[in-house]
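Notebook open. I want to look up charged pairs, ligand surroundings and a surface patch, in that order.

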Amino acid sequence: MEHYNMNLTLKVWKQKNADTSGKFESYKVSNISSEMSFLEMFDVLNEQLVREGKEPVAFDHDCREGICGMCSMYINGRPHGPWQGTTTCQLHMRAFRDGDTIVVEPWRAKAFPVVKDLIVDRGAFDRIIQAGGYISVNTGNAQDGNNIPIPKDDADKSFAAAACIGCGACVAACKNSSALLFLSAKVSHLALLPQGDTERKQRALDMVAQMDKEGFGSCTNTGACEAVCPKEIEITNIARLNREYLSAGLATDSKSH
Amino acid sequence: MALSGIFLILFLLIHAGLNACIWANDGGVMFNKAAHFMGANVVPRVLEIGLFVFFLIHIIQGLVLEIQNRSKRGIGYAVKMGNRGSAWNSRAMGILGALVLIFLAVHLSDFWYPSRFGGLTNMYIDTATNQIVPAGTAGGKEYHDLYAEMQHQFTSYPWIIVLYEIGVIALFWHLVHGFQSSFRTLGLTNHKYISLIKNTGIVYSVIICLAFMLMPLSFYFGWIR
Ligand code: HEM
Ligand code: SF4
Ligand code: FES
């Protein structure tokens with residue numbers, strides 16, 4: 001692929017902490033290689049800011065290989081930027097041209113308060129997982145895989161749902177700030193397998209209850225989540241979750257709901 | 001939301017079917033008889049109560065949902081995602097629903113109120129020949145002339161026609177999303193059925209809304225008399 005350098009204008013959200021109001025700050029970066037990743041471009045910016053004695057831009061990242069879900073940046077009006085099925089860290093600068101202005105905002109949702117600049121607190125997702133996104137029945141020692149027959153189709157669907165990295169782009173994209181794509185992926189990957197099947201009803205009820213408590217909105221099936229998900233989690237998972245939830249609500253014997 | 005929405009979808013099907021009787025172009029004989037059946041029979045009367053309840057549930061739930069969902073973002077984005085991930089009508093369900101509601105208020109006061117509480121003229125249909133006959137004719141049965149009221153409304157006030165067309169267009173976009181959305185909400189979709197449901201929803205919305213749009217125009221342009 002052809003290599004080129006570019007000069008860019010960045011408009012980045014700066015905010016001291018959750019209690020202060022933020023604003024956009026403009027920066028210029030030059031000689032950015034088309035082969036850099038988006039985060040490397042931010043590294044260049046921050047080194048430049050440190051050299052100038054200014055405060056660097058705070059942003060989240062960890063693996064930089066598309067598997068941890070930390071790199072939450074809303075780039076030019078789209079979570080994780082313009083590329084389909086790609087996290088911010090895997091977005092490359094060849095997606096941009098010399099002279100471009102790039103606007104970078106944090107995820108916007110009351111359930112994800114800004115910690116600083118582009119970093120938001122996604123602890124709400126952890127608490128949803130803690131509410132039931134696990135298997136608590138004793139599954140015994142690791143046994144021969146063939147002891148538990150699982151249809152290939154179910155295994156594939158479960159695996160595809162398990163690819164969710166909890167990045168929160170679905171919430172950021174949704175006009176209702178709904179977390180249902182995330183939650184449906186977490187419920188689906190367990191419900192489709194025999195080990196997760198036994199607790200599927202209580203799990204759906206508990207996780208949805210926690211989601212509502214965290215202040216996410218309700219799903220109205222617009223499809224924006226599916227369009228931006230870097231792991232291409234399918235919206236059909238939401239229909240599965242709704243099915244789980246409705247039948248669990250009708251069938252459950254527990255008084256806590 | 002989904003259950004009340006599907007009930008309203010079924011209602012619209014019946015409503016459009018009955019109203020299509022105007023195109024028999026028989027001076028309203030068939031239509032007035034159909035309307036009379038719906039008014040005189042106990043089953044439609046009970047269903048009417050159910051309809052009002054479902055409308056109320058849908059409207060109140062819709063408004064609450066819209067207000068709650070709008071409150072979840074906090075600070076908005078400087079650059080909007082727009083149509084890059086979702087269709088505009090799926091994001092405008094609250095506003096489209098509100099437009100339908102305004103239309104509904106006018107619509108009820110135009111036709112439902114006078115037909116239930118008086119204010120319509122009468123007409124007489126001969127029970128044997130099915131012809132319109134003058135008042136007092138032996139064998140003539142009395143009917144509310146809802147047909148004449150439609151003709152009057154849709155030939156006398158052009159602004160009413162404009163309002164109806166706007167209302168039905170809003171309904172169309174509301175239904176194009178609402179139909180498939182309700183099945184998703186109920187968990188009744190998977191890879192196999194989703195395109196079937198989407199397409200059925202589009203065909204349904206086109207047919208129903210085209211029919212409702214043509215009714216006022218048919219009277220206004222004198223296609224039926
Ligand atoms: C004949 C009239 C109407 C029909 C057939 C209809 C049908 C539907 C259907 C099927 C849905 C989808 C439900 C779901 O996804 O679970 C829906 C959603 C909705 N409707 Fe209606 N509706 C009508 C009138 C109204 C009115 C008068 C309002 C007034 C405010 C309204 C407001 C809403 C709202 C806010 C939603 C939620 C958005 C969404 O789920 O995407 N609707 N409607
Ligand atoms: S569903 Fe997709 S967008 Fe949502 S948290 Fe999981 S990986 Fe991120
Ligand atoms: S930094 Fe880990 S997914 Fe981007």
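I looked up E55(A) first and found a salt bridge to K116(A), with the closest N and O atoms 3.2 Å apart. E55(A) sits in the loop between α1 and β3 of chain A and K116(A) in strand β6 (residues 114-116), so the pair ties together parts that are 61 residues apart in sequence. This is a predicted model, and I read every value below with that in mind. E55(A) is partly exposed, at a relative accessible area of 46%. K116(A) also counts as partly exposed, at 23%. I then followed the links outward: K14(A), E55(A), K116(A) and D117(A) are joined in a network of salt bridges.

Next I searched the whole structure, which gave 15 salt bridges over all chains. One I noted is D43(A) with R64(A), at 2.8 Å from N to O. D43(A) lies in helix α1 (residues 38-51) of chain A and R64(A) in the loop between α1 and β3 (74-75), so this pair ties together parts that are 21 residues apart in sequence. I checked exposure here too: D43(A) is partly exposed at 24%, and R64(A) is partly exposed at 25%. I also logged D197(A) with R200(A), a salt bridge at 2.5 Å, N to O. D197(A) has a relative accessible area of 34%, partly exposed. R200(A) comes out at 25%, partly exposed.

Then the ligands. Where does ligand 1 lie? I find ligand 1 between chains A and B. I count 25 residues around ligand 1, the closest being A2(B), H58(B), H174(B), S181(B) and T185(B). Helix α7(B) gives the most to this shell, with eight residues. I noted three contacts. A polar side-chain atom of H174(B) is 2.8 Å from a nitrogen atom of the ligand. A polar side-chain atom of T185(B) is 3.0 Å from a ligand oxygen. From chain A, a polar backbone atom of T220(A) is 3.5 Å from an oxygen atom of ligand 1. By class, I get 13 nonpolar, twelve polar and no charged residues in the shell.

For ligand 2 I list 13 surrounding residues, with C164(A), C167(A), G168(A), C170(A) and C229(A) closest. Its shell has eleven nonpolar, two polar and no charged residues. Helices α4 (169-173) and α5 (180-191) of chain A each supply at least two of them.

Last, the surface of chain B. I found a nonpolar patch of about 770 Å² of accessible area together, including W23(B), L214(B), F221(B) and W223(B). L214(B) lies in helix α8 (residues 194-220) and is partly exposed at 34%.

Notes. Residues are numbered from 1 along each chain as its sequence is written. Chains are lettered from A and ligands numbered from 1 in the order in which they are written. This is a predicted model: local features need pLDDT of at least 70, side-chain atom pairs count only at pLDDT 80 or more; totals for chains, interfaces and linings use all residues. Side-chain values use heavy atoms; hydrogens and water are left out. Patches are made of residues with over 30% relative accessible area and no salt bridge: like charges are joined within 9 Å, nonpolar side chains (Val, Leu, Ile, Met, Phe, Trp, Tyr) within 5 Å. Accessible areas come from the Shrake-Rupley method with a 1.4 Å probe; for residues, only the protein chains shown count as cover. A salt bridge is a side-chain nitrogen of Lys or Arg within 4 Å of a carboxyl oxygen of Asp or Glu. Helices (H or I, at least four residues) and strands (E, at least two) are DSSP runs, numbered from the N terminus. Buried means under 20% relative accessible area, exposed over 50%, partly exposed in between (1.4 Å probe, protein chains only). A residue is near a molecule or strand if one of its heavy atoms lies within 4 Å of it. Ala, Val, Leu, Ile, Met, Phe, Trp, Tyr, Cys and Pro count as nonpolar, Asp, Glu, Lys and Arg as charged, and the others, Gly among them, as polar. A polar contact is a pair of N or O atoms within 3.5 Å; within protein, one must be able to donate a hydrogen and the other to accept it, and residues adjacent in sequence count only if both atoms are side-chain atoms.
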